[in-house]
Amino acid sequence: MMYPSMIAPDPPLLSVKNLKTYFPVKRGLLKSHVGDVRAVDDVSFDIAPNETLGLVGESGCGKSTVGRSILRLIPTTSGSVHYNGEDVLAAPSGRMKQLRREMQIIFQDPVGSLNPRMAVGKIIGEPMAVHRVCPKEEIPDRVADLLVKVGLRKDHAARYPHEFSGGQRQRIGIARALALSPKFIVCDEPVSALDVSVQSQVLNLLNDLQDEFGLSYLFIAHNLAVVEHFCDRVAVMYLGRIVELADRDTLYRNPLHPYTKALLSAAPMPDPDAEKRRIMLLGDVPSPIRLFKDDGKADTGITPEEQAELDAERQPGVEYITRHSLLHRPDLVPVDGEPGHFVSPSVDA
Ligand SMILES: Nc1ncnc2c1ncn2[C@@H]1O[C@H](COP(=O)(O)OP(=O)(O)OP(=O)(O)O)[C@@H](O)[C@H]1O
């Protein structure tokens, strides 16, 4: 199988190969196993030192599950994750604790992810104490330095999360992620819950911190416009699989997968001169439990009545793609003449 990884400079900091994370679906009194939600279904990519890879797709396509699987916050089904050449998924618990210092996460919801009963200084200082990164008495100074680095004040350490705005809370979340001097951070929709004006400030902060500390990011977002100025490469995810991967400029200039085209068509882009074809996605995302029939063909799951309903939504001048028609193979094929550009072939219904 062809891996999109080949384009990241060697050796990569993070290498994900054929990652699968399925959640069992259990039904009935006996809780029998009736199938699996294939949240992540054969995903491969690399991230180079100092690089940002964007992972983009609609809600439920499996982006967060990829991030959590890499950090071993949830169990994976199969595949491998290597960090600096080391097998993360097979690391014994003692080693995993050390690896966690280097691999961190910033969550979407700065409110829910900060303990409301802890002062900010404790929230940021606690990981330092647990991992014994320095003598205890040095922790307050380190916390103060981090607060200033993320654009807050030293005296904010004594305050509680509810005393801050959404953007400030996300800065606290970022300071907490930086507390252990990581090299790799999963940024899981870090600006989605923030006002647009605040979003760019937090993105600028993440950019500056990347330069200062040589960080690599897996940047998860549902909005292609957000990742446009932030990511070096972008992977587009649909139904547990990557359907297209390319460096940022290539992807925005020449999107090839119909799903990427539809996402770009829906995203508000800053270039008013660019003539944009309107492409809309129709219908629900198919269930990730059962995507294929026994003969290997795509299970579109659409009845003639549902098809008629979808047809009724159509407007003139707009190209429509039904989400059910977007099932695709897990392998990515290189695009001729565009190094580093990979796209997955569709599965015939
Ligand atoms: N713990 C779980 N148990 C069962 N199913 C789960 C679990 N976590 C996620 N899923 C399912 O896995 C699929 C992928 O979810 P995931 O949260 O990774 O998607 P996402 O792209 O990050 O979406 P969002 O942006 O809404 O978080 C969804 O169908 C979701 O319902």
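Mentor: A residue is near a molecule if its C-beta atom, placed from the backbone, lies within 6 Å of it. With that cut-off, 13 residues of this predicted model surround the ligand. The closest are Phe 23, Ala 39, Ser 59, Ser 64 and Thr 65.

Trainee: Which elements each supply at least two residues of the shell around the ligand, and which of them gives the most?

Mentor: Strand S2 (32–47) and helix H1 (63–70) each supply at least two. H1 gives the most, with three residues.

Trainee: What makes up the shell around the ligand, by class?

Mentor: The shell has five nonpolar, seven polar and one charged residues. Gly counts as polar in this scheme.

Trainee: How do you know that H1 is mostly covered?

Mentor: A residue is buried if 20 or more other C-beta atoms lie within 10 Å of its own. Seven of the eight residues of H1 are buried: Lys 63, Ser 64, Thr 65, Val 66, Gly 67, Ser 69 and Ile 70. Ser 64 and Thr 65 are also among the residues closest to the ligand.

Trainee: Just after H1 comes Arg 72. Why is Arg 72 called partly exposed?

Mentor: Arg 72 has 17 other C-beta atoms within 10 Å. Burial requires 20 or more and exposure 12 or fewer, so a count in between is called partly exposed. Arg 72 lies in the loop between H1 and strand S4 (78–83), and has a positive phi of about 60° although it is not a glycine.

Trainee: Where else does a residue other than glycine take a positive phi, and why is that residue called buried?

Mentor: Glu 189 is one such residue, with phi near 50°. Its place is in the loop between S7 and H6. Glu 189 has 21 C-beta neighbours inside 10 Å; the threshold is 20 or more, so Glu 189 counts as buried.

Trainee: What makes the length of H6 agree with expectation?

Mentor: H6 has 18 residues and reaches 26 Å from its first C-alpha to its last. The expected value, at 1.5 Å a residue, is 26 Å. Just after H6, Gly 214 takes a positive phi of about 60°.

Trainee: How does the span of helix H5 compare with the expected value?

Mentor: H5 (residues 166–178) has 13 residues and reaches 19 Å, close to the 18 Å expected.

Trainee: Why is H5 described as largely enclosed by the rest of the structure?

Mentor: Eleven of its 13 residues are buried, so the description follows. The buried residues include charged ones such as Arg 169, Arg 171 and Arg 176, together with Ile 172, Ile 174 and Leu 178. The cover over the buried residues of H5 includes strand S6 (103–106), helix H3 (120–130), helix H4 (139–149), strand S7 (184–188) and helix H6 (196–213).

Trainee: How do you know that Tyr 217 is buried?

Mentor: Tyr 217 has 24 other C-beta atoms within 10 Å. The requirement is 20 or more, so Tyr 217 is buried. Tyr 217 lies in strand S8 (residues 216–221). Leaving aside neighbours within four places in sequence, Tyr 217 is in contact with Thr 52, Ile 185, Cys 187 and Gln 210.

Trainee: What makes Val 226 count as buried?

Mentor: Val 226 has 22 C-beta neighbours inside 10 Å, and the threshold of 20 or more is therefore met. Val 226 lies in helix H7 (residues 224–228) and touches Val 191 and Ala 221, not counting residues up to four places away in sequence. The C-alpha atoms of Val 226 and Leu 203 are separated by 9.0 Å, and the two residues are 23 apart along the chain.

Trainee: Which residues touch the most other members of the largest nonpolar core?

Mentor: Phe 219 and Val 236 do, in a core of 80 residues. Beyond four places in sequence, Phe 219 touches Thr 52, Leu 53, Gly 54, Leu 55, Cys 187, Val 227, Phe 230 and Cys 231. In soluble globular proteins, nonpolar side chains tend to be buried together.

Trainee: What does the chain look like as a whole, in elements and in burial?

Mentor: The chain has ten helices and 14 strands, and 39% of its 349 residues are buried. Among contacts between residues at least 6 apart in sequence, 68% join residues at least 24 apart.

Trainee: Which residues does the UniProt annotation "domain: ABC transporter" cover?

Mentor: The annotation, from an unreviewed entry, covers residues 14–264. That span is 35% helix and 28% strand, and its end C-alpha atoms lie 27 Å apart.

Notes. Residues are numbered from 1 along each chain as its sequence is written. This is a predicted model: local features need pLDDT of at least 70, side-chain atom pairs count only at pLDDT 80 or more; totals for chains, interfaces and linings use all residues. Helices (H or I, at least four residues) and strands (E, at least two) are DSSP runs, numbered from the N terminus. UniProt positions are given in the numbering used here, feature names are shortened, and annotations may be inferred rather than shown by experiment. A nonpolar core is a set of buried Ala, Val, Leu, Ile, Met, Phe, Trp, Tyr and Cys residues joined through C-beta atoms within 7 Å. Two residues are in contact if their C-beta atoms, placed from the backbone, lie within 7 Å. The expected span of a helix is 1.5 Å times one less than its number of residues.
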